[in-house]
Amino acid sequence: MNIRKQSIPILLLILSGCFTLLSCNYDKKNSQEIKSFVKDSLLSEESGNLYVTPDQSPLDMIYYPTDYPVSKMNGSGLEVLIARVIYSRPQKKGREIFGNAEKNLRQFGKEWRLGANEATEIEFFEPVMIAGKKIEKGRYVMYCIPYAEKWTIILNSNLYTWGLHMDKSKDIFITDIPTVLQSPPIEDFTMIFTSAKYGADLIIAWDNVKAILPISFKK
C-alpha cells in the first residue's frame, strides 16, 4: 500500500512532464504556423492586389493633347481633345518580333492588331486629315500589316472584332508609312502622340522598329 502511495507522485510527475513536452511541441508548431501566416500575409501585401492577376499586356490610353487628362482633372478647360488611342502593350521578352520567319512574333505581310488582347481603337473628337484624306469624327479599330520597310495602317469601322479576323469590307482608310530602325530596342510596345506643326504625329514603336503616322488638324 505504501509503495502504491509513493508511486502516485512519480506517475503524476511523469504525466506532467509528458504534458509539458506535448504542450511545448504544440506551441512550437503553432508558433511556426503563425510566423508562416504572417510571412505569407506580408508577401501578399507586397505583391499588390490579391484578387487580380496582373495582365501580361496591360491596357493603356494615350491622348492628344498629351496633357489632356491633367488639364481635365484640374478643370482648366484650356485643352480641346483631338484624339485618343486605347491599346494593350505586349512585351518583347527576348522574342524576335518582326521578320519573315515562323519564329517571328509579327510576320511581314500578316495582319496585326497593333497591340494585344482586344483590338486597338483610335477615336477622333473632330475631323482630321491623314495622308490627304478626311477622317470623320468617330471611333475606329486601327490595325496594321507590317513589312520590312513600311507598315500599312488601316482604320476599320467594325469595332467588336478583337482585331483577330478583320472584315475588309469595313475598312474606311488605308495608308502606308515608312519604318525606321531605332536603338536601343524597346521592350514594351509603345504608342504616343507628339506635337507637329501640322497637328500631331502618332509614334508607333516596338523592338528596334518605329513608324510615324502624321495627323493634320487645325490648332
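The points below go through a predicted model of a single chain, from its overall layout to individual residues.

1. Overall layout. The secondary structure of the chain comes to two helices and 11 strands, and, read from one end of the sequence to the other, these elements follow the pattern α-β-α-β-β-β-β-β-β-β-β-β-β. The chain has 219 residues, of which 35% count as buried. Among contacts with a separation of 6 or more, 54% are accounted for by residues 24 or more positions apart. The area that the chain exposes is about 14,100 Å², and carbon and sulfur atoms supply 58% of that area.

2. The largest nonpolar core. In soluble globular proteins, nonpolar side chains tend to be buried together. In this model the largest nonpolar core has 35 residues, and Phe124, Trp151 and Leu202 are those with the most contacts inside it. At least two residues of this core are supplied by each of β1 (59-64), β2 (83-88), β5, β6 (128-130), β8 (138-146), β9 (150-156), β10 (171-196) and β11 (199-216). The largest share, eight residues, comes from β11.

3. The second core. Separate from the core just described, there is a second core of seven residues, which includes Ala119, Tyr143, Leu159 and Met166.

4. Glu123 and its surroundings. A reader may wish to look at Glu123, which has its place in strand β5 (residues 121-124). Glu123 counts as buried because its relative accessible area is 18%, below the cut-off of 20%. Its side chain makes a polar contact with the side chain of Arg84, at 2.7 Å. Leaving aside residues up to four places away in sequence, Glu123 touches Ile82, Ala83, Arg84, Gly138 and Arg139, so that Arg84 appears both in this list and as the partner in the polar contact.

5. Two cis peptide bonds. One cis peptide bond joins Tyr64 and Pro65, with omega at about 0 degrees, and Pro65 has its place in the loop between β1 and α2 (68-74). Another cis peptide bond joins Ser183 and Pro184, again with omega at about 0 degrees, but Pro184 is found in strand β10.

6. Positive phi at Ala131 and Asp207. Ala131 has phi near 55 degrees, a positive value in a residue other than glycine, and it is found in the loop between β6 and β7 (133-135). With a relative accessibility of 59%, Ala131 counts as exposed, because the cut-off for that class is over 50%. Asp207 also has a positive phi, near 55 degrees, and is likewise a residue other than glycine, but Asp207 is found in strand β11. At 9% relative accessibility, Asp207 counts as buried.

7. Arg95 and Glu187. Arg95 lies in the loop between β2 and β3 (98-99), and at 34% relative accessibility it counts as partly exposed. Arg95 and Glu187 are 92 residues apart along the chain, while their C-alpha atoms are separated by 10.0 Å.

Key
Residues numbered from 1 in each chain as written. Predicted model: local features only at pLDDT ≥ 70, side-chain atom pairs only at ≥ 80, totals over all residues. Heavy atoms only, no water. Helix = DSSP H or I, 4+ residues; strand = E, 2+ residues; numbered from the N terminus. Buried < 20%, exposed > 50% of the residue type's maximum accessible area, 1.4 Å probe, protein only. Polar contact = N/O pair within 3.5 Å; in protein donor to acceptor, adjacent residues only side chain to side chain. Contact = heavy atoms within 4.5 Å. Core = buried A, V, L, I, M, F, W, Y, C linked by side-chain atoms within 4.5 Å. Areas by Shrake-Rupley, 256 points an atom, 1.4 Å probe, with all protein chains shown as cover.
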